[in-house]
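Open the model in your viewer and keep the selection box at hand. We will go stop by stop, and each stop tells you what to pick and what you will find.

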Amino acid sequence: MTGLVSTEELEQCLFALQPDQFLELYRLYEKLGNKANVQPEMQILRRRLVRMRPVRALTFSRLLCQPFEEFLVNEVTGDTGLIMRRCCTAIVRLVRRKLAPDLLRRFEQRLVHLNQRPDDRAGQILLGQEIWKAAAVALAEVRCGPARSPEDLRRRLGLVTGCLEIGEAMVSLSRGIPDGRVDTLDDSGRKLLVKLLRGLPHDRTGHARYLMAMLTRRLENPASVIEMLAKENRNLPGATRQNLIRVIRREIESSIGASAAALVVGAIGTRESVRQAERLLDRLGQIKASGAATPMTDKAARDIADTLGGIDRLISVEALRQDRQEQIRELLPTELSAGLENAETYRELESEIDNVIRLGDRIETLGVDNPLRQRRDRLRRDIDGRRTEMMRRLADTPGDPTAQARARAGLYGLVRMVEMLDGPKAAENMRRDGDRLLAG
Amino acid sequence: MATELKASVAAVQGGARSRASVTAAQKAAHARRSHYEPSTFLERGTVIPFTTGALAQCRVRLDDRQRLEVVLPGFSGGKGVYVTAFTSLPEITTLSVHDRTLTEIVAKEKVVTPTGIRRCWQELATTGIGGQGLAELAREELTRAAEVQVSTRIMLLLETVRRGGGEIGPEVVATMGSPEGQTQVRAMLGGAASRANTDAVTVAQHIEELAAMLGTLGLRSLPEPGRLRQLHTRMQEFSHAIDNWGRTTVSDLAHVGRFAAMSTDHSAGIAGRAIAEVDRMLTDPIRLMARWDASRKVLHGYLLRIAWLLDGWDYVLRIWDDAVAERIAIDAAVKEIGRIIPIVPAREVDADAGRRSVELFREYRSRVGMFEDWLSGDMDEDLRAGPERQSAGQAAGQAVGQAGEHR
C-alpha cells in the first residue's frame, strides 16, 4: 500500500477520516494484527490513536506484558533498569514456545470470550494470573543464548520473571495510580500498596523491589513513599519497613543517577535534553523537599547542573524554514507578516531566556552551584543593549504602514523578552515608550 | 463592529425560535454568581485568549448599558463565576503585556463575537508581543485560512463551471493559479451566470466573497480542512478519548470525564448539523447565487453560529493534549476541563437539544466537590474550617479537662 502512495498522502487520507470511520479502520487493522503487513500504516495511525485512546482488544501479548509494562520504553539510554519495547516480541515468542500447546489453546479461547465482554475486569485478572504464573515458570527455566535473544532481554530477564511472579500485584498497583504525571500516592493508593505488600510471597523484600521500582518510575516524588512507609508501623513489621525504605532509596538513586548520566545532549538534541533536565530537576527538588536527599542524589544534581552549564546555547527551536517564510509573506498582508525578519533570532533568544530561567530557578532550589546564573546576567545585558539601540532607532521610523508594522514587530518582540527577564511592569513601560516614539 | 454584532444577534435569533433576552443575567457588575446558566451565546460571552493562567477561559460580553464586562470562572475551583467590568481586569490580577494590549484593543474596537475577538488576537499575536511561538501560531492560522480561501475559490469555480454546463480541461486546471488561467476560467462562467440570472463578473465576485467567508471552515472536499472544521473533528476525537478514560480509570473523577464526553458530544453534534447545512448549501453554488442576498445572509448566520458553538473548545482540547503528553496529571486536567467546559446555551437550539443543555447544566451543578455546599455549589467555609475547628475544639476540651483534673 505504501509503495503506491507516499506516506504523506496516506497520512493525509487517514487523518481526513471522521473519528468514527478512523476507529473502524483501526479495529480492522487490529484484527489483522501482525499477520498482515500493516505496520507502516499502524505507525501513521499511532499519532491520532494517542489522541483518541480507543479501547484496545485484549491479546495474549498485551495481557502477558501487563505486569512489566511500566518498564517498557522505546529506547534505552544507559543502565536505567528498563526494557526495550521491541523485546516484547522475543518474550512472547519464548513463552509461547515453552508453554504446552493445549494450555496455550485454552488461553487463546478464553481471550476470545473476554474480548466479547470488555467490561469483565475480574475475568481479565483471573486469566492474567494463570498466564503470568505459567509464563514465570517457563521463563525461569530459560537460559538465553547470546545468539538467540537481544542483549537487552538477557540482562532484564530476571526483572521480567520477577514481575510476572507477582503479576497481579504489579497490575493492581499500576491501575491504582492515576494516569499521567502524579506526585504522590493518594489515600486509596497507599492502602492498596500496604495491602499488596502484606500479600507478597515469603520473600517480601525481594519481590517488593519490583513494586518499588514501578513507584519510582511512576511517581514524580518517589521519596513520598519513604515517608508513607515510615508511618505504617501498624501494618508492616519494622524490619520489613526498613528493608523497603532501603530498597526504594536505592531505586531512587539508581534511577536518578542513570537518568542524569543519560543526559547526553549530542545524542538526544537540546530540546529533548532541556525537557528531560527540567523533569529530573523537578524530581530532585521534590526528593530534597521530602528530606530524602542522599549524597548520590546531590551528586546527580551537580552533574545535571554541570551538563546544562556546558551546553553552549540552551535553545530548543526548530528554525522556520525559508520557503515557509516566503509562503507566509506571499499569502499575508505586510502588516501581519512583518517581523518575520526578526522571527528566527528572536525565537532563539526567547528560547534561551526561557530555558535559562526555568532550569536556573530549579537548580537554585537544589542548593548546588548554578552555572546558569551568569548566563542570565549576560542575556539581560544583551537585551538591554538591543533595547537601547531599538529605542534610538524607533523615532526615525518612516510613516508608511509597512515600515511601522516592521518596527512595531521588532519592538514588541523585545518587549516580550524584557517581560520574561524583568516582569510585566518594566515591559509595559517599554511598550508605552516605544508606541509613543512610533506615533512620533 | 456594529454590523458584526447585528449579524450575531441575527444568528442567535436564527438558532433560537424566540428573541433572546441578552442581558437578563447582567444586572450588576462586580458580582459573584453561584448559578451561572447563560441562555444565549451573547449572554455566555466570547472566550478571550489571554495568556495569564488565572484568566484562562474568561469571557467578554456586553452589559445592559452596552459596556464591556468579563465573566471569570471561579478562581478557587468552585462552580460560580465572577462578573466584572472589562476595564477593571488589571486590578484583579497582574496581566502580561500581551493581555494588557489585547484588553486595550478589544475595549477600543468593542468586539464581543468569536470572529471579532479572533481577528484582534491574530493581529496582535503576529507582532510577537506574546512570544515568537504565539506569533508563529497566529501566522500559521492566518496562512492556513488564506490557503483554504484560495483552494475554496478554485473548487467553487470548478463546480460552478461544471454545473453551468462547461468543462474545465486539465490544461486549464494547471494554470488556474496564474491570473491568465483565472481570466480563462471566468470566461467560462457564462453558462452558470445565465442559470443564476446574472452576469459572469457578478458570479466571479460572489465566488470571491464565498471563499473569503469560508476561510475558517473550508469546503468538505478540501484535503486540508479549515480551522473550525478541524476543531470540530478534534472535538469528536476528544469525546471518544475522555469517554474511554472515564470508563477505564480508577480515578474519583471518572464521572467528570463522562460528563465532559457528554457535553462534547452535545456541542459537536449541534455544530456538526450547522456544518452539514453549510455543506448542503454549497453543493449547488449556482442555486445559492441565484438567491444571493438571502443565501449569503443565511450562510453568514450559520458560519457565525458554528464559530459561537466551537468557541472555547480549543483551550479545552489543549489541556487534554498536554495531559496526554504527560506535561500535567490527567486527573488535574479532567478536573479543570469539568470546571470550564462550554455548554451550549439552551435558547440557542431546538427544544430537544435545549432540554439536553438544561440537563447538562443540572449535571454540572449536581456534582458536589469536597467542602462544597450541595445546594449552591459554593465553597462552604464552615465545612472547610470544620476539621481544624473540630481539632481546635478537641484540643481546647482536653485543655479544659486537664485543667479540671489539676484543680
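The tour goes from chain A to chain B and ends with the confidence scores.

**Stop 1: the whole complex**

Show everything. Keep in mind that this is a predicted model. The predictor gives the complex an ipTM of 0.80 and a pTM of 0.82.

**Stop 2: chain A**

Select chain A and switch to cartoon. You are looking at 22 helices and two strands. Turn the chain around: its C-alpha trace spans about 85 × 60 × 40 Å along the principal axes. How much of chain A is buried? Of its 440 residues, 32% count as buried. Now think about contacts between residues at least 6 apart in the sequence of chain A: 72% of them join residues at least 24 apart.

**Stop 3: a nonpolar core**

Select Met170(A), Leu211(A), Ile304(A) and Val415(A). These residues have the most contacts inside the largest nonpolar core, which has 117 residues. Zoom in on Ile304(A). Which residues does Ile304(A) touch, leaving aside neighbours within four places in sequence? The partners are Ala260(A), Leu263(A), Ala277(A), Leu280(A) and Leu281(A).

Next, pick Leu214(B), Met235(B), Leu282(B) and Ala323(B). They belong to a second, separate core of 68 residues.

**Stop 4: Arg386(A)**

Go back to chain A and select helix H20, residues 372-394; Arg386(A) lies in this helix. Is Arg386(A) buried or partly exposed? Count the other C-beta atoms within 10 Å: there are 18. A buried residue needs 20 or more, and an exposed one has 12 or fewer. Arg386(A) falls in between, so it is partly exposed. Now add Leu414(A) to the selection. Arg386(A) and Leu414(A) are 28 residues apart in sequence, but their C-alpha atoms are 8.0 Å apart in space.

**Stop 5: chain B**

Hide chain A and show chain B. Its secondary structure comes to 18 helices and five strands. Buried residues make up 43% of the 407 residues here. Of the contacts in chain B between residues at least 6 apart in sequence, 61% join residues at least 24 apart.

Colour chain B by domain. The assignment gives domain 1 (2-127), domain 2 (131-225), domain 3 (229-367) and domain 4 (379-407). Look between domain 1 and domain 2 of chain B: four residues of domain 1 are in contact with six residues of domain 2. On the domain 1 side, one residue is nonpolar, three are polar and none is charged.

**Stop 6: where the chains meet**

Bring chain A back. The contact takes 40 residues from chain A and 38 residues from chain B. Which elements of chain B give two or more residues to this side? Select helices H4 (97-109), H6 (132-163), H11 (227-248), H15 (313-324) and H16 (330-340) of chain B. The residues on the chain B side divide into 15 nonpolar, 15 polar and eight charged.

**Stop 7: confidence**

Colour chain B by pLDDT. The mean is 82, and 79% of the residues reach 70 or more. Among the elements of chain B, strand E2 (residues 46-47) has the highest mean pLDDT, 96, and helix H1 (residues 2-15) the lowest, 41.

Select residues 1-32 of chain B. The pLDDT is below 50 over this stretch, which has 53 contacts in the model beyond near neighbours in sequence. Then select residues 403-407 of chain B. Here too the pLDDT is below 50, with zero contacts beyond near neighbours in sequence. Where pLDDT is low, do not read the predicted coordinates in detail.

Conventions. Residues numbered from 1 in each chain as written. Chains lettered and ligands numbered in written order. Predicted model: local features only at pLDDT ≥ 70, side-chain atom pairs only at ≥ 80, totals over all residues. Contact = placed C-beta atoms within 7 Å. Helix = DSSP H or I, 4+ residues; strand = E, 2+ residues; numbered from the N terminus. Nonpolar A, V, L, I, M, F, W, Y, C, P; charged D, E, K, R; others polar. Core = buried A, V, L, I, M, F, W, Y, C linked by C-beta atoms within 7 Å. Domains from an automatic or database assignment. pLDDT = per-residue confidence, 0-100.
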